[in-house]
Amino acid sequence: MTTELIIEDSFSSLEEREVATNVFRAKASIDSRTNNLLATAKDWGQWSDTYEFMQGDSSYIDNNLDVVTMANLQIDMMLFYDISGNLYHAAGVDHHTYEEREISAAFIDHVNKEHLLFSEPSLQKQISGIISTPEGPMMVGTSAITPSPSEETVAGTIVVAKFLDPEFVEEMEEMTQLSINIKEVDDEVSTLAENTAILQGNGRLKIDTINKGTVTGTTIVDDINGIQVLNLQIEMPRDVYQQGQSAMKYVLFAMIIINLRACTLATDGKIRAGASYPSQP
């Protein structure tokens, strides 16, 4: 029926928009955290104490890089690089146990190759986003190290980082009230359809109906180099679909009642017409 198709298409469109909105909310929570890391990097990088640390002030470590301070920042590590892009100092923390985190040589070697992160004497950089590491995806915020926000002399780069781990995914789920799954990119990438109208910009969205009660939405998260690195998927109940099904049942029931009423009125009209004109003897 035409009416049924119109209603079904309408609620299908509403469901797609709700999925897209929730996918965008989940991705926005990652962007929000990387922006917070960037703000921390700027606060620490554009600070005279950090600048003097890069000049050789060893008291900076004891005064500022204790595990309590870093754990309270809800980060996993701070990396300090000199103006040539060489690692100057690395500090890691487990903010659950308030203990120092060991940073592997393989991890450091991998980050050292992310040249986009590092400022140069004539080029201050402030970068936030995702990088891939041997230990999993990591959110980072970086800033040039200068004496103050208004002084442009660059002594190096500070990298503030946090792993995008299951604990962070749980935080996302609590904040968004969504079921979220994040994993490294796989073959699903090629099946994601472009849907810029819904997700804005260069959004990529794939919607899958699992069953009558569940639908998923998947998008891709790029790293700081623009490389597709993560599948971000949300799972949600099909509340809009169920509302659409109820609406169709209501409309069909109403149409049946209207048709029955119309037939009754037509029948009554014929009976009354027959009673008004009796046959002549």
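Confidence varies among the elements of this predicted model: mean pLDDT is highest in helix H2 (residues 48-53), at 97, and lowest in helix H7 (residues 196-199), at 44. Residues 193-202 form a stretch with pLDDT below 50. In the model, this stretch nevertheless has 17 contacts beyond near neighbours in sequence. Where pLDDT is low, the predicted coordinates should not be read in detail. For the protein chain as a whole, the average pLDDT is 81, and 74% of the residues score at least 70.

Turning to the interior, the largest nonpolar core comprises 41 residues. Ile30, Met78, Phe80, Leu164, Ile182 and Ile234 have the most contacts inside this core. Helix H1 (residues 2-45) supplies eight residues, the largest share of the core. A second core lies apart from it and holds 17 residues, including Phe107, Val111, Phe118 and Ala161. In soluble globular proteins, nonpolar side chains tend to be buried together.

Phe80 offers a good place to look at the surroundings of one core residue. Leaving aside residues up to four places away in sequence, Phe80 touches Thr50, Phe53, Met54, Tyr60 and Leu65, along with Asn86, Leu87, Tyr88 and His89. Ile145, Thr157 and Ile158 are also among the residues touched by Phe80.

A charged residue rounds off the picture. Lys206 sits in strand E9 (residues 204-211). Its relative accessibility is 18%, so Lys206 counts as buried, the cut-off being under 20%. The side chain of Lys206 also makes a polar contact, at 2.4 Å, with the side chain of Asp208.

Technical notes
Residues numbered from 1 in each chain as written. Predicted model: local features only at pLDDT ≥ 70, side-chain atom pairs only at ≥ 80, totals over all residues. Heavy atoms only, no water. Helix = DSSP H or I, 4+ residues; strand = E, 2+ residues; numbered from the N terminus. Buried < 20%, exposed > 50% of the residue type's maximum accessible area, 1.4 Å probe, protein only. Polar contact = N/O pair within 3.5 Å; in protein donor to acceptor, adjacent residues only side chain to side chain. pLDDT = per-residue confidence, 0-100. Contact = heavy atoms within 4.5 Å. Core = buried A, V, L, I, M, F, W, Y, C linked by side-chain atoms within 4.5 Å.
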